[in-house]
Number of protein chains: 2
Amino acid sequence: MPQALVVLSGGQDSTTCLYWALNRWGAESVATVTFDYGQRHRVELDCARQVAELAGVPNHVLPIDTLRVLGGSALTDDRIGVQTVLNPVTHLPNTFVPGRNLIFLTYAAAYAYQRGIRDLVTGVAQTDYSGYPDCREDTIKLLQETLRLGMESEFTIYTPLMSKTKAETVLMARDLGALDAMAYTHTCYSGHQPPCGECPACQLRAKGFAEAGIEDPLVLRLRGAA
Amino acid sequence: MPQALVVLSGGQDSTTCLYWALNRWGAESVATVTFDYGQRHRVELDCARQVAELAGVPNHVLPIDTLRVLGGSALTDDRIGVQTVLNPVTHLPNTFVPGRNLIFLTYAAAYAYQRGIRDLVTGVAQTDYSGYPDCREDTIKLLQETLRLGMESEFTIYTPLMSKTKAETVLMARDLGALDAMAYTHTCYSGHQPPCGECPACQLRAKGFAEAGIEDPLVLRLRGAA
């Protein structure tokens, strides 16, 4: 029976967290949940599935249609208009919904509750990213208390990457044996496979690997396949 | 522009809260949100729409497919089996999802955030009901702090019914001029229209009106129509 649930997006950070959890509890005690919330890049869902398969842990996909509706003002309100480029300040599409991580973690807790799981793991970090108040340590701590009280259950939310830079996360992934899985993760905002290499997410990823002095396994894999 | 958002289920309590909000801020400053989460009784959505119409405030319906999936174990797991009767302890169908009110209020906050609304109103109460830890005052207070921090926004969650009995809520509804609207609210667990009169929800409602010494406007309306 799993005792820990990792919120797995199919990206670099949550994959590192999965291996952190494997290292702490062992594969037989870890499960993953992935949210299908209408992200522009459904390739993320495939990445999450592949990463979980490689790690030998179950991956459950939960649908969330609400975020698409909440974030869909750009699609329905012609005063806003659909942005094909990202907001230059937040680097987010204007379909972003505030508090999205609160939603993800509350659903993860409900899913965990039903299975007797009390340990939740998320890859949120307050370094490198600046604009997400629901990724900050104080928010996550308060949410943990709210979930404990609201579901009468002693949840613990682990955030192994909270204060790490991208380079530190890459080194951590290496130490945890997560580099093989990293070859299947998705980061690019454009949804391209292979990644565009130019969007802020691609550049942040490249910078992290460069600073860590490690070649990105995804780049290596794609070069090998080319 | 609305400045307050009422979570309106189409039931007796949230309708009373809507009139509490009308009284406090005026109809032009109040909006309502209703969640379409796969509740067994879609008549609730009609009730919410009718109540909002009668009150002269907008009603926005947000879909939530996640709760159906999370709560759907009874539909997919044959070790559990679909219960056609309610759990005798909790009086809830076994499709209940823990923390449901946390989800509702977080979505309400996200919706409010996008519209510059900072005042949220919900009809949760810690009296009369016993088993819902996410309806308790301490949980709601913590959630309020979490939403403030997680969305960097000074939300206030108002819970006008928190410590009221059903009878007190009925008297409050009368004083607020909400009895006309009460004729269009939905309470019955069975989803029957007219209500069954026998389920715990119907009995609780009848008891509240009886103790308040007021005839239930819904009963009067249905009697008139019969």
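**Figure 1. The largest nonpolar core of the predicted model, seen around L5(A)**. The largest nonpolar core holds 124 residues, and the members that touch the most other members are L5(A), V6(A) and A108(A) together with L5(B), V6(B) and A108(B). In the close-up of L5(A), residues up to four places away in sequence are left aside, and the partners that L5(A) then touches are A31(A), V33(A), A108(A), Y111(A), A112(A), I117(A) and L120(A). One of these partners, A108(A), is itself among the core residues that touch the most other members. In soluble globular proteins, nonpolar side chains tend to be buried together.

**Figure 2. The surroundings of N59(B) in strand β3 of chain B**. N59(B) belongs to strand β3, which covers residues 59-63 of chain B, and N59(B) counts as buried because 20 other C-beta atoms lie within 10 Å, where 20 or more are required. Although N59(B) and T32(B) are 27 residues apart along the chain, their C-alpha atoms are separated by 4.8 Å. T32(B) also appears among the residues that N59(B) touches, the others being L8(B), T34(B), A48(B), R49(B) and A52(B), when residues up to four places away in sequence are not counted.

**Figure 3. The rotation axis that relates chain A to chain B**. A turn of 180 degrees, with a shift of 0.0 Å along the axis, lays chain A on chain B with an RMSD of 0.0 Å, and the two copies are thus related as by a two-fold rotation axis. Within chain A, the residue that comes closest to this axis is D65(A), whose C-alpha atom lies at 3.0 Å. For the model as a whole, the scores are ipTM 0.90 and pTM 0.91.

**Figure 4. The side of chain A that touches chain B**. In this interface, 33 residues of chain A are in contact with 33 residues of chain B. The elements of chain A that each supply at least two residues to this side are β3 (59-63), α3 (66-71), α5 (100-114) and α6 (137-151), and the largest share, ten residues, comes from α6(A). By residue class, the side of chain A that touches chain B consists of 20 nonpolar, eight polar and five charged residues. Because 100% of the interface residues of chain A are also interface residues in chain B, the copies meet through the same surface.

**Figure 5. E152 in the loop between α6 and β5, shown for chain A and for chain B**. In chain A, E152(A) lies in the loop that joins α6 to β5 (156-158), and although E152(A) is not a glycine, its phi is positive, at about 45 degrees. E152(A) is partly exposed, with 16 other C-beta atoms within 10 Å. In chain B, E152(B) occupies the loop between α6 (137-151) and β5 (156-158), with a positive phi near 45 degrees in a residue other than glycine, and E152(B) likewise counts as partly exposed, having 16 C-beta neighbours inside 10 Å.

**Figure 6. Chain A, with residues 73-85 in close-up**. Chain A has an average pLDDT of 88, and 87% of the residues score at least 70. Over residues 73-85 of chain A, by contrast, the pLDDT is below 50, and this stretch has twelve contacts in the model beyond near neighbours in sequence. The surrounding chain contains ten helices and five strands, and buried residues make up 46% of the 226 residues in chain A. Among contacts in chain A between residues at least 6 apart in sequence, 71% join residues at least 24 apart.

Definitions and conventions:
Residues numbered from 1 in each chain as written. Chains lettered and ligands numbered in written order. Predicted model: local features only at pLDDT ≥ 70, side-chain atom pairs only at ≥ 80, totals over all residues. Least-squares fit on C-alpha atoms with pLDDT ≥ 70 in both. Contact = placed C-beta atoms within 7 Å. Helix = DSSP H or I, 4+ residues; strand = E, 2+ residues; numbered from the N terminus. Nonpolar A, V, L, I, M, F, W, Y, C, P; charged D, E, K, R; others polar. Core = buried A, V, L, I, M, F, W, Y, C linked by C-beta atoms within 7 Å. Buried ≥ 20, exposed ≤ 12 C-beta atoms within 10 Å, placed from the backbone. pLDDT = per-residue confidence, 0-100.
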